[in-house]
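Reader: Hey, got a minute to walk me through this fold? I'd like to talk about the sheet and then a helix pair.

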Amino acid sequence: MIRSMTGFGTAERETPAGRLRVEIKTVNHDTFRASLRLPSALEMAEAQIREWLRAHVQRGHVSYALRLEPVEAVAGATLRLDEARVREYLGLLGTLKERFGLPGEVDVAMLSRYSDIIQRREEDDEAAPIALDDVRAVTEEAARAVVGMREEEGRRLEADLRERLEAIEAALAVVAERAPARLVEERDRLRAAVAELAAGVGVDEERLAREVAYLAEKWDISEELVRLRSHIELFRETLALDATEPVGKRLRFVSQEMHREANTIGSKANDVTIQHRVIAIKNEIDRLREQIENVE
């Protein structure tokens, strides 16, 4: 089973410091990459949080946000007044008025223009300390939710990829059936052309046989068919691996090899029916490659 790199998960946990809430989003990326938003009190835990995330997500861009609602905020008081700063503003405004003889009085409307006198309590340096065990617990709970979503999306991806493989095999069957017939048709065409040019003179069957043998070698696609079928089987085996092992890069490589073999078959085909099937095969491989970009 494979995993998608698209996922989302949240988790909450009540702690002595308040309610911790974690939100994690993941999207496709070639390697593991994490962007963290943390309260200032937990910035020193960034490296540990990255390792906790890496244990669950091995590939993808991870957006991680941790918020703390302090106990007071949970109870409803989410803001606080910075009284010391208010007194400082009052003193400065009073000095300004006296020194320059300015009219007017300082009131609430004037002070409310200074946004820094009202602060969120989560920025309060006197908040209770946050235990790393609580941070790890809520982080891993959210990460497990992300993994669950990635696995569910992975099941849908796998079903689509297997359907593409079946379509490729169906087109390959037509190519394999058609390949010998085109040589017989070319032999008959050459015989008719030589007979027409020779104006009744007998056809040199030995020479004709050598020409047909040369064409058979030039147009032979049996090795490409074998390799392409082998790549399809390897693709299926990779899909069936344990979901804990990232396989996206391996699937990408296999799909590139499939595309290479399809190109070679197309260049050797010299047949309309085969060319049409090769176009269908390459279209399916392109769709495989698009889907693989979101496989972990």
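**Sheet and helix packing**

Author: Sure. This is a predicted model. Strand β2 (residues 18–27) and strand β4 (residues 60–70) are paired antiparallel, over 10 bridges.

Reader: Which residue is the bridge partner of Lys25 in β4?

Author: Lys25 is bridged to Ser63 there.

Reader: And what's the strand order in the open sheet?

Author: The order is β1-β2-β4-β3, so 4 strands in an open sheet with mixed pairing. β1 (7–15) and β3 (32–37) are at the edges; each has a single partner strand, so one side of each has no neighbour in the sheet.

Reader: How much are neighbouring strands turned against each other?

Author: By 15° on average, ignoring direction.

Reader: Which strands does helix α1 touch?

Author: α1 (residues 46–54) packs on the sheet and touches β2, β3 and β4. Its direction makes about 135° with that of β3.

Reader: OK, switching topic. At what angle do α8 and α9 pack?

Author: Helix α8 (residues 248–269) and helix α9 (residues 272–292) pack at about 165°, and their axes are 9 Å apart. With angles over 145 degrees counting as roughly antiparallel, that makes α8 roughly antiparallel to α9.

Reader: Left-handed or right-handed crossing?

Author: Left-handed, as α8 passes α9.

Reader: Which residues meet there?

Author: On the α8 side they include Leu251, Met258, Ala262 and Ile265. Among those in α9 are Ile274, Val278, Ile281, Ile285 and Leu288.

Reader: How does that contact split by class?

Author: The contact of α8 with α9 has 11 nonpolar, 7 polar and 4 charged residues.

Definitions and conventions
Residues numbered from 1 in each chain as written. Predicted model: local features only at pLDDT ≥ 70, side-chain atom pairs only at ≥ 80, totals over all residues. Heavy atoms only, no water. Axes fitted to C-alpha atoms, helices over the stretch in contact; angles between N-to-C directions. Helix = DSSP H or I, 4+ residues; strand = E, 2+ residues; numbered from the N terminus. Parallel < 35°, antiparallel > 145°, perpendicular 65-115°, else oblique. Left-handed = near helix turned anticlockwise from the far one by under 90°. Contact = heavy atoms within 4.5 Å. Nonpolar A, V, L, I, M, F, W, Y, C, P; charged D, E, K, R; others polar. Pairing = 2+ DSSP bridges.
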